[in-house]
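These are my notebook entries on a single structure. I set down what I looked up, in the order in which I took it up.

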Amino acid sequence: GQRSGRGSRGRGPRVGFDVVTLDGQRGPLARVGSGTERPPHERGGAACHHVGKYQVDVNSFEQIALPTLQIKTKPSSKVETGSGANSEAKQLFIIDEVGKMELFSRDFVEAVKALFHCPSVVVLATIPIARQKSHWLVEELRHRPDCCLFEVSEKNRDDLVKEVTDFLLINISS
């Protein structure tokens, strides 16, 4: 999350969250509400969404995140498998996270659904822990038979790196 104060060491109170792409693009996902939010007609009619004290900037999130979730239509490259045979490489998408703030974007929901329904795509995504009232898409992903869930804890997170990496390598080249 984004913190106030100088430097990048996270000093000061948290003031918000950013959306960050793997190629380094960054923009606001949510910020502490100022109490002087712009009215809907100044936000292009966009609704104002809040999670706790944070106001979600859906437009900023969509401008940065959605272009990175587009499936490329050109043929994928060949990948050497462990058996010496070549197979078509699948596209890998990494989404951290399919969470409450991100799910205010209908276009994000549709893009995530499209990724999970495409056979030439492998998705590594984080979802919130199970709650009584989860978003329908989170529950759909949690219960998909073609998904593998890894529960990450402070205790096991370092050990999971190899397991998840091996899993991805097998699925990208299969």
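Entry 1, cysteines. I began with C48, which is partly exposed because its relative accessible area is 32%, and values from 20% to 50% fall in that class. I note here that the model is a predicted one. I then turned to C147, which also counts as partly exposed, since its relative accessibility is 25%.

Entry 2, disulfides. How many disulfides does a search of the whole structure find? I recorded 0. Why does C147 form no bond with C148? The closest cysteine sulfur to that of C147 belongs to C148, and it lies 8.7 Å away, too far for a bond. The cut-off that this reasoning needs is 2.5 Å between the two sulfur atoms.

Entry 3, D18. I located D18 in strand 2, which spans residues 14-20. Is D18 buried or exposed? I entered D18 as buried because its relative accessibility is 18%, and the class requires a value under 20%. I next looked up the side-chain partners of D18. The side chain of R26 is in polar contact with that of D18 at 2.8 Å. The side chain of R31 makes a polar contact with that of D18 as well, at 2.5 Å. I therefore list D18 as a buried residue with polar side-chain contacts to R26 and R31.

Entry 4, backbone. Which peptide bond did I note as cis? I noted the one from D96 to E97, whose omega is near 20°. I placed E97 in the loop that runs between strand 8 (91-95) and helix 2 (106-116).

Notes:
Residues are numbered from 1 along each chain as its sequence is written. This is a predicted model: local features need pLDDT of at least 70, side-chain atom pairs count only at pLDDT 80 or more; totals for chains, interfaces and linings use all residues. Side-chain values use heavy atoms; hydrogens and water are left out. Helices (H or I, at least four residues) and strands (E, at least two) are DSSP runs, numbered from the N terminus. Buried means under 20% relative accessible area, exposed over 50%, partly exposed in between (1.4 Å probe, protein chains only). A polar contact is a pair of N or O atoms within 3.5 Å; within protein, one must be able to donate a hydrogen and the other to accept it, and residues adjacent in sequence count only if both atoms are side-chain atoms.
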